[in-house]
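Let's walk through this structure together, one step at a time. Keep the 3D view open as you read.

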Amino acid sequence: MKAIICTKYGAPEVLEIHEIAQPVPKDNEVLIKIHATTVTSGDVTIRAAKGPVLYRLPMRIILGFTRPRQPVLGTELSGVVEAVGKNVTRYEKGDPVFAFNGMRLGAYAEYICLPEDGMISIKPSNVSYEEAAAVLFGGTTALHFFRKGNIRPGLKVLIFGASGASGSSAVQIAKHYGTEVTGVCSTANVELVKSLGADDVMDYKKEDFTESGKKYDIIFDAVGKISKSRCKKALAQDGVFLTVNGQGIVKERVEDVTFIKKLMEAGELKAVIDRAYPMEQVREAHRYVDQRHKKGNVVLKMI
Ligand SMILES: NC(=O)c1ccc[n+]([C@@H]2O[C@H](COP(=O)([O-])OP(=O)(O)OC[C@H]3O[C@@H](n4cnc5c(N)ncnc54)[C@H](OP(=O)(O)O)[C@@H]3O)[C@@H](O)[C@H]2O)c1
């Protein structure tokens, strides 16, 4: 099968399309023919492996010293079940599915094997393969942090970086929980964030939300760009500051995939897709995501 291989750490040119062996499902696994995956902030961070030594060293101990031990990047995907292992009961050949493989990666390929009890579900019936591939990275991140923040109806929630993968899901999921949502983004994304259901949108290029005099029960920094100390003035008494940067990694929960499927089918959660590239243009896709200003998600079409 064809797969995009990260041959070493560096610029997008380190990504090459190679022929590698197609995986064979174990007894408890399904083999999926991948239709779409995404280029996430996580993928470009692994590929580039930049940053201060104190950050780079532990990262390379975990991921591999000179190149990622798992050279096929890609955390999320959608596709069709091509074959199943002999003990699989939940899926059969031909089922449309979507899945999150997290740091095990492997979605930049024509096929992947996943355990049937992993973060996989039948694809939401009302969305395309591209949309289904572009919702679990951001959606599971938002759910994880909102659970930490004990989100509940009536709270005032501010989402900083409301136009990214995590931010665009967070706005919609916070609305699902019956909260009053303020999204913070740049001028170019104000209309997008409004369209996702935010009650109020602040343009960080024109206004500093910490100086607005308004208070929030939850401030969720969905891009890891602000500190708790900076937000202090805007936090209500007992308010909670949540950030994707420095508060641990997102816990994988199978239930989150089925929950996200239900939200999509109910029309409460839509995947925001900025651009979609054929797999052959993976370097261009990485170059774009490297700029760190994508709107929602960037899709890689694998067929
Ligand atoms: N802890 C975890 O387990 C975990 C899980 C998932 C993600 N993360 C981390 O979360 C971060 C965000 O991930 P993501 O993929 O959701 O983001 P993303 O999609 O890459 O975010 C892109 C968005 O960030 C906004 N942005 C860029 N610079 C900004 C700034 N200075 N101030 C405000 N907004 C800014 C951009 O909006 P504008 O163009 O409007 O500026 C853009 O729409 C990454 O660093 C990722 O590694 C951590």
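A nitrogen atom of the ligand is 3.0 Å from a polar backbone atom of valine 244, which fits the cut-off for a polar contact: a pair of N or O atoms within 3.5 Å, where, within protein, one must be able to donate a hydrogen and the other to accept it, and residues adjacent in sequence count only if both atoms are side-chain atoms. Side chains reach the ligand too: an N or O atom in the side chain of serine 163 is 2.7 Å from a ligand oxygen atom, and asparagine 189 places a polar side-chain atom 2.9 Å from an oxygen atom of the ligand. On its own the ligand has 930 Å² of accessible area, and the protein covers 83% of it (Shrake-Rupley method, 1.4 Å probe; for residues, only the protein chains shown count as cover).

Bear in mind that this is a predicted model, in which local features need pLDDT of at least 70 and side-chain atom pairs count only at pLDDT 80 or more, while totals for chains, interfaces and linings use all residues. Residues are numbered from 1 along each chain as its sequence is written, and side-chain values use heavy atoms, leaving out hydrogens and water.

Now zoom out to the protein. Its domain assignment (automatic or from a database) gives domain 1, covering 2–134 + 271–301, and domain 2, covering 137–243. Their C-alpha centres lie 27 Å apart.

Where the domains meet, 13 residues of domain 1 are in contact with 11 residues of domain 2, contact meaning heavy atoms within 4.5 Å. Phe100, Val272 and Lys295 supply 44% of the area that domain 1 buries against domain 2, more than any other three residues. Buried area is the accessible area (1.4 Å probe) that two parts lose on being put together, summed over both; here that is about 850 Å², with 58% from carbon and sulfur atoms.
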